[in-house]
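Good morning, colleagues, and thank you for making time for this presentation. I should like to take you through one structure, and I would ask you to keep the sequence and the coordinates in view as I speak.

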Amino acid sequence: MKLLLVTTSYVNDNEGQAAAGTFVADFALALAREGHQVTVVTPATVASEHIANGVRVCRFAVPRLPLSVLSPARPQDWLPIIRTLLAGQRAVSHACENHGADHILALWALPCGQWARTAGRRFHTAYSTWALGSDIWTLGKLPVIRQLLARVLQHATLCYADGLQLGADVTAISGRACDFLPSSRQLESRSKTPRHAGPWRLAFLGRWHTNKGIDLLLDALLLLEEHDWQRIESIRIFGGGPLEPHVMKKTGQLMQQQRPIETGGYLDRQQATDLLLWADYLILPSRIESIPVIFSDAMQTRCPIIATPIGDLPALLHENPPCGILADATTPEAIADAIRAALLQQPADFEAGMTRMATRFDITQAARDFVSRLQQGA
């Protein structure tokens, strides 16, 4: 089958900052490994086309990246937005005309879904959509764009979302069913056997942004008492973003108290794998979240989760057997209590739950499920 993937998120040299992009690349590779002819259309600062590992990648030039920095609310962004939309439409149509497509998968619903819909009508090719939180929770709030979003979703062959609640929100906008298709990336096949004795190792990896709750985590660490720290071997915090000054200030306070904490920048795939293999627990202190890619990373490496009750995380962590510990609230106090609870347990207690989740979030199985639905006539 000839499959055309249209996405605004695709891996580049800054892999550590592009979790969604690495997932899309791995999904494309999984489809290629299953014997399908895969073409990817994606924006870049310079246009190019190449084939790697059986996947043809067609990059079209846009004025500015990432596209998320462009906002219709800023008049100075209107021209770059228009140029980007026109360039994307041309690139998708060019790919359909020159490489052919039996089906188009838009990652994500806007603007990729609109590009797919327009090209599909011209070349008589059906399309499907895979929604991301920013599609639905941000663009879906704008009245005119919400109507466009609804039309794109309604005319798609298949509608997918990479979150459970997100799928329900897609249905609320479009009035049609939306299935959950988990997003994950393929890590090196090196899962660990969880340790049975502490002191324990804790880790955070992600954007230093209020949405990801890094400030909540640091405040929680400052609430831990001496007997809690005796159960902690080390805490490693990696990432980057707008809260970097705050992170440096708070970690400096912890270091002055002789706490075993260290920080570092974004990590590529191999470095992230190494961190998760080192850690006994991964902390997800988010304020806003669906299902982050780092969740499936942790399940692959058998690293249990300590998480806030946000998005789909409560549903995932409440399944039996559990794969981690859920805080009672999105507050420093609740996160501190969840850390204390983890310190009194063994990571091995969550091994069965993590194994089940790793199977559920397997990228190869996601690719197979998508193609199977297409071949069954949706």
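**Cores, sheet and rings**

I begin with I339, which touches L202, L217, L221, L224, I283 and I306, leaving aside residues up to four places away in sequence. Please bear in mind throughout that this is a predicted model.

Which residues of the largest nonpolar core touch the most other members? They are L221, F295 and I339, in a core of 60 residues. Helix 13, residues 332-343, supplies the largest share of this core, with 7 residues. There is also a second, separate core, which has 37 residues and includes L67, C96, A106 and I173. As general background, nonpolar side chains tend to be buried together in soluble globular proteins.

Let me turn to the sheet. It is an open sheet of 6 strands with parallel pairing, and the strand order is 11-10-9-12-13-14. Which strands stand at the edges? Strand 11, at 261-264, and strand 14, at 324-326, do so; each has a single partner strand, and therefore one side of each is left without a neighbour in the sheet. From one strand to the next, the twist averages 20 degrees.

Now to the individual pairings, starting with strand 9. Of the 8 residues in strand 9, 7 are buried, so that the strand is mostly covered. Strand 9 pairs with strand 10 in the parallel sense over 8 bridges, and within this pairing W200 stands opposite I232 in strand 10. Strand 9 is also joined to strand 12 by 2 bridges, and these two strands run parallel. Here L202 stands opposite Y281 in strand 12. You will recall L202 from the opening, as one of the residues that I339 touches.

On to strand 10, residues 232-240, which is joined to strand 11 by 4 bridges, again with the strands running parallel. R236 stands opposite E262 in strand 11. Helix 7, residues 214-223, packs on this sheet and touches strand 9, strand 10, strand 11 and strand 12. The direction of helix 7 makes about 160 degrees with that of strand 10.

R236 deserves a second mention, in connection with an aromatic ring. Its charged end sits over the ring of W278, 3.8 Å from the ring centre.

That brings me to the aromatic pairs. In general, a pair of aromatic rings is described by the distance of the centres and the angle of the planes. With ring centres required to lie within 6.5 Å of each other, the count comes to 11 aromatic pairs. Why is the pair of F60 and W115 classed as edge-to-face? The ring centres are 5.8 Å apart and the planes stand at 85 degrees, and planes over 60 degrees apart count as edge-to-face. This pair links distant parts of the chain, 55 residues apart: F60 lies in strand 4, residues 55-61, and W115 in helix 3, residues 109-123. Are these two residues buried or exposed? F60 is buried, because its relative accessible area is 7%, and W115 likewise counts as buried, at 2%. Elsewhere, ring pairs link F23, F27, W108, W130, Y160 and F370 into a cluster.

I close with three polar or charged residues and their surroundings, again leaving aside neighbours up to four places away in sequence.

The first is Q114, in helix 3. With a relative accessibility of 19%, Q114 counts as buried, since the cut-off for that class is under 20%. Q114 touches Q89, A109, R121, L148 and V152.

The second is D26, in helix 1, residues 19-33. D26 is buried, with a relative accessible area of 6%. Among the residues that D26 touches are R185 and R269, together with Q186 and I363.

The third is R56, which is found in strand 4. R56 is partly exposed, because its relative accessible area of 24% falls between the limits of 20% and 50%. The contacts of R56 are with V38, T39, V40, E49, H50, I51 and H99. How far apart are the C-alpha atoms of R56 and L216? They are separated by 42 Å, and the two residues are 160 residues apart along the chain.

Thank you for your attention; I should be glad to take your questions.

Methods. Residues numbered from 1 in each chain as written. Predicted model: local features only at pLDDT ≥ 70, side-chain atom pairs only at ≥ 80, totals over all residues. Heavy atoms only, no water. Phe/Tyr/Trp six-rings, centres within 6.5 Å; stacked < 30°, edge-to-face > 60°. Buried < 20%, exposed > 50% of the residue type's maximum accessible area, 1.4 Å probe, protein only. Lys NZ or Arg CZ within 6 Å of the ring centre and 35° of its normal. Contact = heavy atoms within 4.5 Å. Pairing = 2+ DSSP bridges. Axes fitted to C-alpha atoms, helices over the stretch in contact; angles between N-to-C directions. Core = buried A, V, L, I, M, F, W, Y, C linked by side-chain atoms within 4.5 Å.
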